[in-house]
Amino acid sequence: MSHEHPTPATKPPRPTPPSVPALRVRGTLAVASIAVMIAQIANALPGSLNGVFQQTFDTVGSQLTWITAAFMIPVVVFELTFGVLGDTFGHRKLVVGGSLLVLVGSAICAIAPQVEVMWLGSAINGLGAGAIFPASLALVAAVTHNPRDRARGIALWAGFLSAGAAISPLLGGVAAGLGSWRGAYWVVAALGVATIFLSLWLAVEYRSPQSRKLDPWGQVTFAAGLILVLFGLVQGPEEGWLSTNVVFASVAGILLLIAFVVIELRTESPLLELSLFRNRAFTVSSIVAVVGMFAFLGACFATSMWLGPVQHQNPVYLGLLFLLLQGPAFVLIPVISRLLAIVAARWLLTAGLVLMGSGALLASNLDVSNFSVVPFIAPTLLIGVGFALTLSPMTAIALNTVPRQLTGMASATTNLLRDLGFVLGPVLVGAIALSSAGNQLVGALQTASLPADEKGAALGIALGGGPIALNSIPEGAPGAAAHDLALQALGSGFSLAFLVCALAAFAAALLTLFGLRGVRDDRGSTVAYADEDPEAADSPGGHSGAKHPAALSGARDLREDRV
């Protein structure tokens with residue numbers, strides 16, 4: 001099939017089919033945008049509430065980490081399968097089902113009496129979001145039938161996604177400031193109800209003309225392997241890295257992931273097309289996606305923990321700082337789309353990663369005993385602008401360096417790997433910071449000149465619940481005299497975590513700069529729209545897209561430029 005694009009003089013863009021009235025097109029775009037915004041609000045909500053969660057549930061060790069990780073794990077584990085289900089049964093049904101899950105998960109979080117129930121609610125929210133992300137983007141593609149309209153639809157979708165990430169921390173902070181963080185989850189539940197009705201009323205249904213096969217064994221081995229490995233990473237600092245549970249989970253998880261790779265190489269309809277990684281540029285961009293997004297969400301999680309459970313700052317302040325972390329990705333969408341037209345994606349991606357690393361490096365030098373949020377403004381702004389600069393170029397490089405018929409799978413795979421980085425951020429940062437802080441605190445307590453009863457109580461709390469538990473006991477309670485030691489240990493642990501995020505971002509920048517040197521986009525055109533290339537539309541993951549696919553509109557402008 002020829003991929004030449006005729007000029008408007010010879011073949012004008014196809015109009016929207018008469019069977020889809022303009023009102024339904026607008027309604028579908030509105031539903032897709034609102035649905036993805038709500039999914040992202042549910043995703044980002046714990047960021048401003050970790051301190052409140054710690055006080056409400058009296059959490060210790062890794063329990064806070066699991067609230068965030070429980071959301072992201074289902075997103076990563078099931079998003080490729082959700083793409084197949086949407087193509088088979090209909091993407092509007094998937095949006096409705098995902099919104100119902102977000103409604104249920106948010107309601108469970110709102111009434112959660114203990115942290116374990118929060119984990120359950122977050123996991124259900126993540127499952128719903130995992131369905132909404134690819135299905136909502138597929139609906140955008142279904143009702144836009146020329147490149148210009150589709151670019152606008154994707155930009156609208158990406159804008160609402162970024163808006164959800166920016167709004168969510170403020171929603172959480174304001175609700176907590178008014179006396180009830182649970183109200184924020186009730187708002188998300190109410191929005192879920194609205195999305196269900198709007199979807200059924202306004203959106204068109206779309207399914208792929210060619211049915212795709214599920215990959216059940218690939219799904220099972222990938223899900224079980226990833227969950228077990230992440231369990232080992234989260235529980236390692238608390239139970240000990242050589243404990244039976246941690247060692248068994250880690251080894252079993254690695255073996256299952258190896259089995260997943262073997263299955264994907266042999267199955268007729270793979271969940272993940274591993275042949276994509278024979279392409280050097282795609283492999284480099286994939287590694288950068290994991291490492292760079294680990295650096296970003298790791299820095300976000302460290303900021304949330306520093307100002308929340310460590311310093312117990314007002315959640316509103318944290319919400320405002322998260323605007324600096326998440327807001328630039330929304331505000332700068334039109335700027336970055338223009339930059340992609342005139343600056344090679346490799347340079348933009350490198351610059352974004354350097355800015356992220358610089359911000360995390362600044363944060364690693366902050367003083368935990370300084371309770372002003374002002375010193376965080378510069379680091380968070382650098383990280384936020386850097387994050388905004390990485391999203392579109394990362395997707396552009398992945399899509400522009402693979403054969404045209406594989407752009408759908410390339411987009412889905414890049415999305416999966418980026419989300420894997422998002423999962424690893426809080427998991428590894430929590431493990432690094434809490435493990436380091438725990439070791440430092442126990443050593444400091446053993447040599448501290450505290451009264452015997454205070455030292456004994458503090459050691460018991462530190463060994464049983466870790467530094468966060470000791471840092472949070474009320475004044476006058478047994479062990480409270482060691483509060484400053486716990487505060488300093490946590491500050492040191494999260495400073496180390498910020499430093500690791502900085503090094504990860506700088507390493508990803510170097511890999512981008514040198515690993516992509518000399519790579520060209522030889523196709524002269526980039527994004528393969530479903531209307532133009534049925535192979536791309538029907539390839540696995542063809543409609544799952546990228547979570548910030550404003551890149552798709554700017555990606556077409558790379559042409560023969562060096563990546």
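1. A contact here means heavy atoms within 4.5 Å. Among contacts in the protein chain with a separation of 6 or more, 85% join residues 24 or more positions apart.

2. The model is predicted, so local features need pLDDT of at least 70 and side-chain atom pairs count only at pLDDT 80 or more, while totals for chains, interfaces and linings use all residues. Residues are numbered from 1 along each chain as its sequence is written, and side-chain values use heavy atoms, with hydrogens and water left out.

3. The protein chain has 19 helices and 0 strands, assigned as DSSP runs (helices H or I, at least four residues; strands E, at least two) and numbered from the N terminus. Of its 563 residues, 59% are buried (under 20% relative accessible area, against over 50% for exposed and in between for partly exposed; 1.4 Å probe, protein chains only).

4. Helix α12 (residues 333-342) has Ile333, Ile336, Ser337 and Leu340 buried. These residues lie on the same side of α12 because they cover an arc of only 105° around the axis, taken from the directions from the helix axis to the C-beta atoms. Pro334, Arg338 and Ile342, on the other side of α12, are exposed.

5. The largest cavity (a set of points on a 1 Å grid over the protein atoms alone where a 1.4 Å probe fits but cannot get out) has a volume of about 340 Å³. Of the 23 residues lining this cavity (an atom within 4 Å of a point), the closest to its centre are Asn43, Ala44, Leu297, Cys300 and Gln326. Helix α10 gives the most to this lining, with 5 residues.

Methods: 1 Å grid on protein atoms, 1.4 Å probe; cavity = no way out; pocket = protein on both sides within 12 Å on 5 of 7 lines; lining within 4 Å. Points joined across faces, edges and corners; volume = space filled by probe spheres on them.
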